[in-house]
Amino acid sequence: MKILVAAKRVVDYAVKIRVKPDRSGVETQNVKMSMNPFCEIALEEALRIKEAGLASEVVAVSMGPAQCVDTLRTGLAMGADRGIHVDSSAALYPLTVAKLLKALVEVEKPGLLILGKQAIDDDCNQTGQMVAGLLGWPQGTFASKVSHSICFVQFGHNLTFSGLYSFSCS
């Protein structure tokens with residue numbers, strides 16, 4: 001089974017952000033960028049699944065300007081087998097990213113697509129749900145624990161005041 005993992009390039013979590021003088025957004029010139037921390041967690045989980053012998057390949061995907069290649073290099077250094085860069089100088093919104101991921105899934109034919117919970121730059125948390133809807137695939141969101149075997153993946157979700165809730169999907 002092949003696993004496709006999205007890896008978004010964002011302003012590093014340790015950087016103190018500055019608003020642009022015209023208040024149109026956050027200053028990103030000469031600012032340290034890195035892989036979104038939740039995407040790192042997703043990639044780590046994909047690599048755990050591969051180490052367990054349940055996947056044959058982990059492919060990291062990043063979309064955006066040429067600098068996104070640095071994010072893919074981080075993914076490759078973590079252990080991903082390949083990286084795919086979708087070059088775009090335009091702003092990429094969640095639905096656009098979901099449509100691009102859908103097209104990549106149709107070409108790459110992964111058995112599993114893993115995305116981080118949300119991006120720390122826009123906090124949208126929409127892309128995963130949108131791509132699942134576009135593909136007609138089931139989804140597990142906000143997983144705090146993932147266990148797996150050959151026949152199913154089980155997600156644990158930490159619900160407020162309710163402890164750990166588990167469900168499985170084939």
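This report describes salt bridges, one helix and the neighbouring strands in a predicted model.

**Salt bridges**

Side chains of opposite charge can pair when their charged atoms come close. In this model the count comes to seven salt bridges. Three of them are set out below.

| Pair | Closest N to O distance |
|---|---|
| Glu108 and Lys2 | 2.9 Å |
| Arg48 and Glu45 | 2.7 Å |
| Arg82 and Glu108 | 2.4 Å |

Glu108 and Lys2 form a salt bridge. Glu108 belongs to helix α3 (residues 94-108) and Lys2 to strand β1 (residues 2-6), so this pair ties together parts that are 106 residues apart in sequence. Both Glu108 and Lys2 are buried.

Glu108 also forms a salt bridge with Arg82. Because Arg82 lies in strand β5 (residues 82-87) and Glu108 in helix α3, the contact ties together parts that are 26 residues apart in sequence. The two partners differ in exposure: Arg82 is partly exposed, with a relative accessible area of 30%, whereas Glu108, at 13%, counts as buried. Lys2, Glu57, Arg82 and Glu108 are linked in a network of salt bridges.

The pair of Arg48 and Glu45 lies within one helix, α1 (residues 37-51); the two residues are three apart there, so about one helical turn separates them. Arg48 is partly exposed, with a relative accessible area of 42%, while Glu45 is buried at 14% relative accessibility.

**Helix α3**

How does the span of α3 agree with its number of residues? At 1.5 Å a residue, its 15 residues should span 21 Å, and the end C-alpha atoms are 20 Å apart, which agrees.

The buried residues of α3 are Pro94, Val97, Ala98, Leu101, Leu104, Val105 and Glu108. Seen down the helix axis, they fall within an arc of 125 degrees and therefore line one face of α3. These buried residues pack against β1, β4 (57-64), β5, β6 (112-114) and α4 (127-135). After α3 comes Lys109, whose phi is positive, near 55 degrees.

**Strand β4 and its partners**

In a regular strand the side chains alternate between the two faces of the sheet. Strand β4 is mostly covered, with eight of its eight residues buried. Glu57, Val59, Val61 and Met63 are buried on one side of β4, and Val58, Ala60, Ser62 and Gly64 are buried on the other. Glu57 is thus a buried residue of β4 and also a member of the salt-bridge network.

Strand β4 pairs with β1 in the parallel sense over five bridges, and Val5 stands opposite Ala60 of β4. Strands β4 and β5 also run parallel, joined by six bridges. In β5, the bridge partner of Ala60 is Gly83. Between these two strands the chain passes through α2, and the resulting β-α-β crossover is right-handed.

**Ala80 in the loop before β5**

Is Ala80, in the loop between α2 (68-78) and β5, buried or exposed? With a relative accessible area of 8%, Ala80 is buried, because buried means under 20%. Ala80 and Val59 are 21 residues apart in sequence, yet their C-alpha atoms are 5.8 Å apart in space. Leaving aside neighbours within four places in sequence, Ala80 is in contact with Leu43, Leu47, Val58, Ala60 and Gly75. Of these contacts, Val58 and Ala60 are buried on one side of β4.

Note on methods: Residues are numbered from 1 along each chain as its sequence is written. This is a predicted model: local features need pLDDT of at least 70, side-chain atom pairs count only at pLDDT 80 or more; totals for chains, interfaces and linings use all residues. Side-chain values use heavy atoms; hydrogens and water are left out. A salt bridge is a side-chain nitrogen of Lys or Arg within 4 Å of a carboxyl oxygen of Asp or Glu. Helices (H or I, at least four residues) and strands (E, at least two) are DSSP runs, numbered from the N terminus. Buried means under 20% relative accessible area, exposed over 50%, partly exposed in between (1.4 Å probe, protein chains only). The expected span of a helix is 1.5 Å times one less than its number of residues. The arc is that of the directions from the helix axis to the C-beta atoms. Contact means heavy atoms within 4.5 Å. Two strands pair if DSSP finds at least two bridges between them. A crossover is right-handed if, with the strands pointing away from the viewer, the path from the first strand over the helix to the second runs clockwise.
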